[in-house]
Structures are given as C-alpha cells and as structure tokens.
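Hi everyone, and thanks for making time this morning. I'd like to walk you through a structure that may be new to you, so please have it open while I talk.

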Amino acid sequence: LASLESQYNSNGFLHQITASADFSRKKQGRMAASGPKSSSPRGLGRRTTVGSAQKKTPKKNGEKDSNATSTVTNEVLEISKLPGAKADVEKQSSVVFGERNVLDRSETEVDALLELKLKAERENLRRKEIEALAEETLARDVKNGMDKVEFENFLLEEKWREQEKLAKEEAERERQEEEKRRIEARKAAIEADREQAKAETQKRREMLHQALEKAVVSARNVWYIEPKNFKGEDKVKLYYNKRSGPLANAKEIWIHGGFNSWVDGLSIVEKLVDAELKDDSKNGDWWFAEVIVPVRALVIDWVFADGPPEGAFLYDNNSRKDFHALVPLTTPEEAYWSEEEDRMFRKLQEERRLKEEAMRVKMEKTARLKAETKERTLKMFLLSQKDVVYTEPLEIQAGSPVTVLYNPSNTVLNGKPEVWFRGSFNRWTHRLGPLPQKMEAADDGSSHLKTSAKVPLDAYMMDFVFSEKEDGGMFDNKDGLDYHLPVVGGIAKEPPLHIVHIAVEMAPIAKVGGLGDVVTSLSRAVQELSHNVDIIFPKYDCIKYNFVKDLQFNRSYHWGGTEIKVWHGKVEGVSVYFLDPQNGLFQRGCVYGCADDAGRFGFFCHAALEFLLQGGFHPDILHCHDWSSAPVSWLFKDHYTHYGLIKTRVVFTIHNLEFGAGAIGKAMTFADKATTVSRTYAKEVAGNSVISPHLYKFHGIVNGIDPDIWDPYNDNFIPVPYTSENVLEGKRAAKEELQKRLGLKSADLPLVGIITRLTHQKGIHLIKHAIRRTLERNGQVLTQPLKGLVMNFFTIFTSFSSKQVVLLGSAPDPRIQNDFVNLANQLHSTHGDRARLVLTYDEPLSHLIYAGADFILVPSIFEPCGLTQLIAMRYGSVPVVRKTGGLYDTVFDVDHDKERAQAQVLEPNGFSFDGADAPGVDYALNRAISAWYDGREWFNSLCKTLMEQDWSWNRPALEYIELYHSARK
C-alpha cells in the first residue's frame, strides 16, 4: 500500500477525504460551545497517545488542536488499520502484484489489457479505503451529535465535484481520440485521392493517346492554324474552308471546341469571320476565328456548326470523327503527365474539402435543429400539465430548491378542504422520501396550491402524488402512473431499462403497414434516451437484407421439435435477433397471407420467450404488438414467469382493433399495461367488450414519425432542401417540379394531395367528392397510395383548363378498384390527351407530393393514429382531416380548436370536420382553399408553424418510458 501512496496523493478522491476530515473538525468546533470538547478524531496516521504525561489543556483563542489537524497523508497511510478494509486491501494487493508478474511476461497487446485491469484494481482499492473512512467518520460524527443527512449531502457535493473533474478528463480523452481518428481518416483520404488521381491520369493518358494518333497540324484545303508553332495560352487563328463540307451555304460559321479528347467538355466557342483571302478564292472560301489555346492542351478538339451551341442545326464534324490539332510546343511527355497527376490530386483534394465542409455544415445544422426540437418538446411536455401541476423553476435542478404548484380543481381532489403533497426522488427509491407536506395557497391568488422541497444532488427524477389527508384517504396519482418530473444537473443517472420488442413487422426490412414503422422508430427513440432495446423478429426469406448491418450467426437452440437458428444484426441502429426455425414456417416469401398465419406467429411468440429463457436474458419489459404477437402476454404468464423471468413485465399495444379481436382480448387480460396509438382512439374503443374490463391499465399514446426518414432538409427526392426558415422557397420549388413531372399546369394554384389506400376506412366516397370540390374551386388534386398490403396501383390525370386532377390510388377490394378504373376511363374519354393512367407506385413521388402540396386531405372514417397528417406537417403542408382517432389528437382546427391546442402548448395547425358526408368535407375544404386565396401571408406563416411543431417520437418515447416504469411498480 505504501508503494501506491504517490498515486493517491494526486488523486481527486483524496480531496474528498480531506474535505470530510475538515468538515468533521469544523463541526466539532461548532459543537464546542455546547459542552466539553470530545477527544480529537482518531488519527489515521502515526499519532502520540494521550497519557498522564500529555493531558489536554485548555486552548487560547486561535490556538489549533494538533490532533485535529493530522495530515491527510497520515490518514491514508493508516487506513489499512480499519479492520474491514485491511483484509480486502491485502487480498486485492496479492491479486494486483500477481497480475504484475503476468504483465512482465506478456506481449504488448496483453500488456495494455492487463494494465487497464490493474488500473481498475487500484481504483477498487481506493474506493474501499474511502468507503471505510467515510463509514468510520460518519459513525464517529453521528455519535458526536452531527446531522447524518447534512454529512451525506456534503459527501455528495464532493462526489459531484469529482465527477465534474472526471467528466472533463473523459471529454478531453474523447477529444484526443477524435482528433486521432480525424488525422487517420485524413491520411486515408489523401492516399485514396492520390490513387484516384493516378488512375484518372492513366485513363486520360490512354484516351488522349488515341486522339494524338488522329491529330495533325493541318488538313489540306480544309483547315489550318497560324502560327504553326504555338503552346498553351497562345492566341492563334484557326482557318476553315467553308466549301470543304456541309456548311458551304451556312450564313454563320461557329467553332465548338475543347481539348485533350474533350476532357473538360465544351470549353471553346467562337464565331468565325470571313478571312477575305482573295488570292486563294479558287481553292476555297476561307473563314477564321481567334482562339486561346487551353493552358494544358496537347490536342485541340472541335467541330464546326452553323450557329452557337444552343442554336446550331447543321454540323461539320469530320465525318463523325471530329477535328483534332496537335499543340506543337509542350513540356516533355513524362513531366507533363506528372504535372497532370499532381493537378488532378489537388483538384480531388479541393473537391473533397468542399464536400466535407458542406456535409459538416449540414450535419451541424441538422444536429442543432434536432437538439432544439428535443429541448422545445421537453419544455412543452412539462408545460402541457400546467393546468394540473407544474414547478418553479420549470426545469428542476439537482441541489436547488423547487416549488411544486398543484391545481386540485382539475383532479379527483377537487373541493377537498386540504391537500397533502407526498414526494420523493429517483422513482421513490431515494433515502429522503416520501415525506408528506401540507400544501398552502399559491401567492398569485389562483386555484393552485404550493409547497417547496430541496432537491438532493443525487436526484435524477422527482416523484409525487397528492392526497386529501396526511395519512392517506383519496389520492391523485395520475391514474396509477404517479407524477414524475426529470431533474437535471445531478450526479446520479437513471438506470437504463431493458426493453425487448417481439414483433412480426419492422421497417424497413419487412414493412407491411404502420406497425413496422412504430416498432423501429419507437425502439430508436427509447434507445436515444439511454435505455437498452432489443427486437426479436422472424427471419423471413423476404427480408430486405441490405438494411441489416453486421448480420452474424449468434447461436442455436431446440424448441417445439425443431432447431431454431438465431442471427443477430443492427437495423437502423437497433439490435435485432432473427429467429430462423428450421421447419420452414417463415420461408413463405411473405409476411402475411398464409392460411396458418395464426399458428406461425404463435410458434414464433413461444420460440421468442424460449430464446430469452435459454439465453439468460432478464428484460424489464416485453413489448408485444397487435394480434400477431399477442400470444406473448399469456404464454409468458403461463409458462415463463416462474422460470427465471420474474422481474419482467408485459406491455401490449393495439395498432388496429379491426384485426384479431379475440387474441387482442386475451392479451389485454394478461398484459400488465396496454396501450393504443392515440388518446381519442382509446376512448373510441373503450366500449368494446375486449377492452372495457381493462380500462384501468389501458392508455392512449400518439405515434410519432421518424424525423430522419421524413426530413425536408435532407430529402434527396425534392429539388430544394428546406427548413422552417426557407419553407416558402422549398415548397415553391417542389410544387413546380411536381407540376412539371405530372404534366400539371405550371401555375400558382392551391394543390391538394391525397396519399392513402382506397378502402372504406379511408373514406373513398369523401375522396371522390373532395376531388370534384377542389376542381370547382380552381385547385389541383394529387392522390397517391400508401405502400401496404396491396400491390395494384393506378394513376388518373386530367386537366380542366386551369384545373387539374391526378388520382393515384390502390384498392384491396376488386369492386372498389373497378369503380376507380371506370372513373379513370371516363375522365380519359372525356378529356382525350389530357388524361393518363400510370400503373405503378412511386416512393420518391410521395415525398415530392408531401413537399409540393399546399394541403393534404385525410378524410378517414376511423383512424387509430394516422401518419399521413404528421408527415404532411413535417413538410409544411396543411392537413385537412376528419375528427377521429389520432387525427383529432394531432390536428387542431385554426378556427375552432385554439383552446384545445393551447392546452397542449401548441398553435392551431389545420382544418377539420365532423361528419362523414359531403357537407362536412366542403366545410373544411372551402375554408382551407379560401384561406389560401384570401390570406396568403397568414397561410405562409401557418406552413412555417407546422414545420416548427414536433411530431417525431420525442414526446411519445417519454410517455412510453413512464408507462414502462408504471408497469414495473
């Protein structure tokens, strides 16, 4: 231990020991006034025993106690005298020095690994010493009358300072590592550019060699150059005999030229003039142009034409071989190509620099926008509860006081004579809680009550409920979820949850509908909040493996009479385990559509649970989705709860109640918590017999969209990238491109987009009416199918003077599809060549419609959540929707929903209607189109507002994490 003293002297933990010793001495000094001074703290270094010859004597003012000021070095050297620590230290020391002998004999690579292990052992020794010292000091000070909480808080402050120091050191290490990686990447880039320059130069040399073989200094009675000897940058006269070729009768003669086998394309354009060579009039009609010889030219290439490049019709191109003239005066060949290679290298370097700089700027802006959006969303999340509870300050800081304000009039405690606050920290696990406090009236005279609390330094979450009495009575616990608000700036971090999704769809590898989007995007969002997420997924033979990274065989196990091979990979950055049963259940070329789908997915659910058990996984949450993975809930409770997966809880999400109601009902019974994809849809299905018995654990959480997939600032399918800062420019360019691509009239008209499947759920009768109504209002309509179960698509285009219609839709029902085919034929026969039919689905076109449309219409009869309106707002397109399900939860009418939007800390963002008939559609669509015509400035500001709203998974992920925690309570 003594040999480690020099290391300990420079360590930050020493400051904690010193500080705690100083704190103890100061505390004893303060206690001196209340009674006789106790014996000085037992020094941890060499000290003189107090005996009869060394009795304590009273000290004068300002005189120090020598025993109380024993040095921290002595304390460290004597720490091994603590009985508990001594045994541990001796044991760890033997391990450390044993490892040192191994280090002496190991290779360089092993040295590095064992050095890290040795460092860890030293840190462990240091911690044990500090813990032992802290325990002894704490016991001594408590015995002497010191406040335990005060001392613990003091140690937390020291730990916080130590963590700050370690964080700075870690940040510096990361900076150095990043700089090292940057230098290595730069070296690799330079080498790559050199190799590319060498290859490009060799390729040009071979191509130019062919041109050199064809090049001459003149062509008798066709062309020649004066002076005969010239070099790069010289001005020469190039003469052409007009009578020698097809341009004999041309009124104008132009040269269109380049050099070195057209390496830079068209770089020489000059008009020829009549040379007026009277002496040579019998041999030809000579014209000439003055040309600057390109600086690096070995060969000049050209053709003659009867006009400039944009207006030429007739050419003389030397019988399709072009004209080639040697440049006589050049540098030696090898020197020339060496210079060319160096020039090419510099060009590649500059191109790379500009590309990397543009990419860096774009990435920084994207990251800034995402960070600002997340920060804004968190603030809105906190403010959205303000009608019930909020804090001052809104952002709770560790180590600082906070005031909690509560409005009982909006809760079950309305009218109660008194309200008690019952709070704690770190999800009710903190040592300081729960402590009930009676709330008092707020100072602003509102209906809010208030109370205050000191937030400890090791808090990461503040938790509370409210009751009518000190000892209980009626509680407001937020429907069983409790109130939880994040704490920032603390020294402790929330332990991560481990969530495992068991699902049969996942975007983009095997997406059929919205379920696949949710599984991937929710997993990514929760993972970004520092939780651990895995997905267990069938290994279909139709998976798009180009989206799977680092796919590797993981293990194999037997269950259900077959071998199941397990593969592991990353999809969109999320860990995925692929189960591949050797019985062929998932070698069908499809996700759904087999007669035994229920059996296939039941087998998969059981196999997934068996994989978790045999693999030793102990997730906190199993999250299953819809009827296809519903069996997880009851199979888990029946077969696995008592076999190693004791702490795991099951969350079940209903994406669409229209399919598999029986399985969904059984899952609702066994799940610990259940959700659906919007609050309003949860209310709409609450009366369903499979839902109603379980309302106490049923919650609605709106889906989000993936902001990386749907991002107008980084979208390669639109002509101009844009954010809310340049939304008008971006959308204008997209509309022009859309009109040009589809043959619509290029005019500033309101454009309505419809992106949907043509089913009764989506309101097909309302879609037909909306098309007619938009055309009556002199607008444009675009309708495109969502990619999904159906593979038959068609497009109808027609133009009514200044009004155009495009319908691109798909229908699983042949009757509906035939109905729209007839409509297409009718429009085609009525308007001739102004109608067209396209039988295809176009993913890039969907992006262009979202960007180029002014409005997106979603007239669904029912809609659990809906992503179309969310994507539309991401692109600044105004949604026009029917009030149902998630459409009602996300679209707030500009005329009627201002208060409802304000309660969600949002601005109104669209137009909506109630009925499922033509007058309902007319009411919303008329207001929307009138707003476009009559209030363009207001309409443009609305587009900007839409883009600044966050409809990603930022907020839903926070709500799901709270739900996961409530399931574990």
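Let's begin with a pair of strands. Strand β12, residues 396-397, is joined to strand β20, residues 483-488, by two bridges, and the two run parallel. If you want a spot to zoom in on, find Ile396, which stands opposite Val487 in β20.

Now stay with β20 for a moment, please. This strand also pairs with β18, residues 461-469, over four bridges, and here the sense is antiparallel. Which residue of β20 is the bridge partner of Met462? That would be Leu485. So far, then, we have met β20 in a parallel pairing with β12 and in an antiparallel one with β18.

Let me step back for the overview. What you are looking at is a predicted model. The protein chain holds 23 helices and 37 strands. Of its 969 residues, 49% are buried. And if you take the contacts between residues at least 6 apart in sequence, 70% of them join residues at least 24 apart.

Next, a sheet. Please look for four strands in the order β11-β13-β17-β16; they form an open sheet with antiparallel pairing. Which strands stand at the edges? Those are β11, at 389-392, and β16, at 440-441; each has a single partner strand, so one side of each is left without a neighbour in the sheet. For β16, two bridges make the link to β17, residues 449-454, and these two strands run antiparallel. You can check this on screen with Ala441, whose bridge partner in β17 is Leu449.

Let's turn to helices. Helix α14 covers residues 727-742 and helix α17 covers residues 843-852; they pack at an angle of about 130°, their axes 8 Å apart. Why do we call them oblique to each other? Angles over 145 degrees would count as roughly antiparallel and 65 to 115 as roughly perpendicular, and α14 and α17 are therefore oblique. The crossing of α14 past α17 is left-handed. On the α14 side, the residues making the contact include Lys731, Ala734, Leu738 and Arg741. On the α17 side, Pro844, Leu848, Ile849 and Tyr850 are among them. Sorted by character, the residues of this contact divide into nine nonpolar, one polar and four charged.

I've saved some backbone details for the end. As a reminder, most peptide bonds are trans, and most residues other than glycine have a negative phi. With that in mind, look at the bond from Glu226 to Pro227: the peptide is cis, with omega near -5°. Pro227 sits in the loop between β2, 223-226, and β3, 235-241. Another cis peptide bond joins Ala507 and Pro508, with omega about 0°. Where is Pro508? In the loop between β21, 498-502, and α8, 514-528.

Then there is phi. Asp322 has a positive value, near 60°, and lies in the loop between β9, 315-316, and β10, 323-326. Trp428 has a positive phi too, near 65°. You'll find Trp428 in the loop between β14, 420-425, and β15, 435-438. Is this tryptophan, Trp428, buried or partly exposed? With a relative accessibility of 27%, Trp428 counts as partly exposed, because buried means under 20% and exposed means over 50%.

That's my tour. Thanks for listening, and I'm happy to go back to any part of it.

How values were computed
Residues are numbered from 1 along each chain as its sequence is written. This is a predicted model: local features need pLDDT of at least 70, side-chain atom pairs count only at pLDDT 80 or more; totals for chains, interfaces and linings use all residues. Side-chain values use heavy atoms; hydrogens and water are left out. Axes are lines fitted to C-alpha atoms, for helices over the stretch in contact, and angles run from 0 to 180 degrees between N-to-C directions. Angles under 35 degrees count as roughly parallel, over 145 as roughly antiparallel, 65 to 115 as roughly perpendicular and the rest as oblique. A crossing is left-handed if the near helix is turned anticlockwise from the far one by less than a right angle, and right-handed if clockwise. Contact means heavy atoms within 4.5 Å. Ala, Val, Leu, Ile, Met, Phe, Trp, Tyr, Cys and Pro count as nonpolar, Asp, Glu, Lys and Arg as charged, and the others, Gly among them, as polar. Two strands pair if DSSP finds at least two bridges between them. Buried means under 20% relative accessible area, exposed over 50%, partly exposed in between (1.4 Å probe, protein chains only).
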